[in-house]
Amino acid sequence: MNTASLTEYKVWDLPTRLFHWINVTAIIGLLFLGFIMLYKKELGISAIETKIALKEVHVVIGYIFGCNLLFRILWGFIGNTYSRWSSIIPGKNFPSTLRLYITSIKQGNTQQFLGHNPLGRLAIVFILLLMLTLLVSGLIRAGTDIYYPPFGSTIAEYIAAPGVNPENIKPHDNEGTIKTKTDNIFQIKVIFGRTHRYTAFILMFMIALHIFIVIRTEVREGGGLISAMFTGKKVLKKPPADL
Ligand code: HEM
């Protein structure tokens, strides 16, 4: 490779890189605990205390994941050019940008981008929507399952029998609750539980696709895609299409 023609560009700012790696770490933890919860029977976990403890740890990591995600949403309005939503969410000129990019791939002269390429932008928006769905459904499950914030106290107040202090209602224990009301909450639990589980499966697929495409692009075109998430810098051979 002719290194003389390589140019280094500062792309990802520090908050964006920090978000990415905190997000990766939180998702690994959430998936790990999520799958232990999903296969608890097969793993021989039957004690109710262990089941609740697993949920509690999953939810605490979920809060970190949620705060990090909300921070990134905010950073999309104040971060550098490439971290901004205006560079990520498809806008007015997106169809022509996408067409040009796909044509360049077909012609074997793939355009290089400093930020995300047009297909990457679509994937990122989809992954973000999946993560938001997991956050919302997870918070609702945390409230309906173990009465954790932000919805837990409202749910406990709703199901508490007259004269019972909602704070004394325990997870997985119907004592002190009104049956018709716990049944209503159960319906919500099932809907959001399924949403949470299937969204986690789709997210896993998207993560696998994301890793595969990043590695393939790095091998085919270089650019320092992977190291850029550590250093913030990309090294391109061609003039970038989004400078
Ligand atoms: C990337 C993010 C997340 C992933 C991949 C994930 C994954 C999972 C998986 C695979 C399960 C097991 C599903 C089942 O047993 O049906 C689960 C359960 C659960 N998740 Fe998450 N989760 C995420 C985020 C969150 C967040 C942000 C919260 C709340 C703060 C949360 C709260 C819960 C709760 C309470 C359960 C227990 C449901 C139950 O089995 O009763 N999750 N999660």
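These legends cover close-up views of a predicted model.

**View 1. The pocket that holds the ligand.** The ligand takes up the space of the second largest pocket. Its surrounding shell counts 22 residues. By class, 13 of the shell residues are nonpolar, five are polar and four are charged.

**View 2. Helices around the ligand.** Four helices each give at least two residues to the shell: α1 (14-38), α2 (48-78), α5 (118-146) and α7. Helix α7 spans residues 179-221. The largest share comes from α5, with seven residues.

**View 3. Residues nearest the ligand.** Five of the 22 shell residues come nearest: Lys55, His58, Asp145, His196 and Arg197. Three of their side chains are shown here with polar atoms close to ligand oxygen. For Asp145, a polar side-chain atom sits 2.5 Å from an oxygen atom of the ligand. For Arg197, a side-chain N or O atom lies 2.8 Å from a ligand oxygen. For Lys55, the distance from a side-chain N or O atom to an oxygen atom of the ligand is 2.9 Å.

**View 4. Helix α6 against helix α7.** Helix α6 covers residues 152-159, and helix α7 covers residues 179-221. Their axes come within 8 Å and cross at roughly 145 degrees. On the α6 side, Ile155, Tyr158 and Ile159 make the contact. On the α7 side, Lys181, Thr182, Asn184 and Ile185 take part. The contact has four nonpolar residues, two polar and one charged. Helix α7 also appears in View 2, as one of the helices that supply at least two residues of the ligand shell.

Methods
Residues numbered from 1 in each chain as written. Predicted model: local features only at pLDDT ≥ 70, side-chain atom pairs only at ≥ 80, totals over all residues. Heavy atoms only, no water. Axes fitted to C-alpha atoms, helices over the stretch in contact; angles between N-to-C directions. Contact = heavy atoms within 4.5 Å. Nonpolar A, V, L, I, M, F, W, Y, C, P; charged D, E, K, R; others polar. Near = heavy atom within 4 Å. Polar contact = N/O pair within 3.5 Å; in protein donor to acceptor, adjacent residues only side chain to side chain. 1 Å grid on protein atoms, 1.4 Å probe; cavity = no way out; pocket = protein on both sides within 12 Å on 5 of 7 lines; lining within 4 Å. Sits in = over half its atoms within 2 Å of the grid points.
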